[in-house]
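Me: I would like to learn how to read strands, sheets and helix packing in a model. Can we take one pairing and work outwards?

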Amino acid sequence: MPSAELSSWNNGPAKTAILDFVARVTSEGGPDHVPPADRIATFDNDGTLWCEQPLQVQFSFAQHRLNDMVARDPSLAERQPFKAYVEKDMAAIKAAGMRGLFEVGAAVHAGMTEEAFDRMARDWLAEAKHAGLGRLFTDLVYVPQLELVAYLQKHGFQIFIVSGGGIDLMRAFAEEVYKIPRHHVIGSSVKTRFEIQDGIGQLVKLPELNSFDDREVKPCNIGLHIGRRPILAFGNSDGDLAMLRYTKTGPGPRLALLLHHDDGTREFAYDREFRLSPLAEALDNAPQYGIDIVSMKRDWAEVFAP
């Protein structure tokens, strides 16, 4: 393969595995050829496509909305689970995990229409910055992953995001930032109710979790929303392991990739600790499960765009 392919990836086993896999499944008449309709690739979002440290972007977004609500009703600051977020009690927040984070988000966005939520999310993302890195969250997407998504699309793959993050927040930027259609986004969701408001049919968010798209729920939602088993999957935590194994254990050629955040100079170095979604089982058992580990430090020539 020419070296110009995936130029932001360093030459090595991870890049070779990707190039070899795509060459095999797209080779007409070859033994591993996969028809375009079956070339499904799924990517986790937080920590796989963009930066998730020190906490997922969903946290900052929910915090923004909660601050507005507390300004109108100070009593919220004394009630859990809101109290932990108002006081930035990181021990309590991390103990609740990603599910707790999303449940807070569900509560603070209840009563909004999906269209109003989308406008608010877009406005927030246009200005919201990472406190430590001082850049817009949407600037902190991983260049090698943008390049990989485009490379796969060029070779007839359909790309889906399958994430524990909120589906509506991701849909507010996925098309513009990742070039992935919003209807190719699968994420955690709240229940909605249909209403006619001023003569217009609207979907109104309820303060009740519909689906928490993490761990074993990911393959279930892939089956529900895509209807085809992926042949390539990319994640970065134990929350993605079921999706990676669902992909890898199917028939025919398969590729499962696990991103290891081991670059504390260009981004953050972490795995088992300092995260809402730990990386332990997947990292320890990757060889046994046939999962290829991608080292941010070793395999990526760059992380963020300049």
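Reply: Start with one residue pair: Leu232 stands opposite Leu255 in S6. Two strands pair if DSSP finds at least two bridges between them. Helices (H or I, at least four residues) and strands (E, at least two) are DSSP runs, numbered from the N terminus. This is a predicted model, where local features need pLDDT of at least 70, side-chain atom pairs count only at pLDDT 80 or more, and totals for chains, interfaces and linings use all residues. Residues are numbered from 1 along each chain as its sequence is written, and side-chain values use heavy atoms, with hydrogens and water left out.

Me: In which sense do S5 and S6 pair, and over how many bridges?

Reply: Strand S5 (residues 232–235) and strand S6 (residues 255–260) are parallel, with four bridges. S5 also pairs with S1 in the parallel sense, over three bridges. There Ala41 stands opposite Leu232 in S5.

Me: Which way do the residues of S5 point?

Reply: Leu232 and Phe234 point one way, Ala233 and Gly235 the other. All are buried, that is, under 20% relative accessible area (exposed is over 50%, partly exposed in between; 1.4 Å probe, protein chains only).

Me: What is the strand order of the whole sheet?

Reply: The open sheet has seven strands, ordered S4-S3-S2-S1-S5-S6-S7, with mixed pairing. Its edge strands, S4 (200–211) and S7 (292–295), each pair on one side only. The twist averages 35° from one strand to the next.

Me: How are two packed helices described?

Reply: By the angle between their axes and the distance between the axes. Axes are lines fitted to C-alpha atoms, for helices over the stretch in contact, and angles run from 0 to 180 degrees between N-to-C directions. Here helix H1 (residues 13–25) packs on helix H6 (residues 143–154) at about 15°, with the axes 11 Å apart. That makes H1 roughly parallel to H6, since angles under 35 degrees count as such (over 145 is roughly antiparallel, 65 to 115 roughly perpendicular, the rest oblique).

Me: Which residues make the contact?

Reply: Ile18, Leu19 and Val22 of H1 meet Leu148, Tyr151 and Leu152 of H6. Contact means heavy atoms within 4.5 Å.

Me: Where does H1 lie relative to the strands?

Reply: H1 lies across S5, S6 and S7, at about 155° to S6.

Me: Which residues of H10 are buried?

Reply: In helix H10 (residues 241–248), they are Leu241, Ala242, Met243, Leu244 and Thr247. Their cover includes S5, S6 and helix H11 (281–289).
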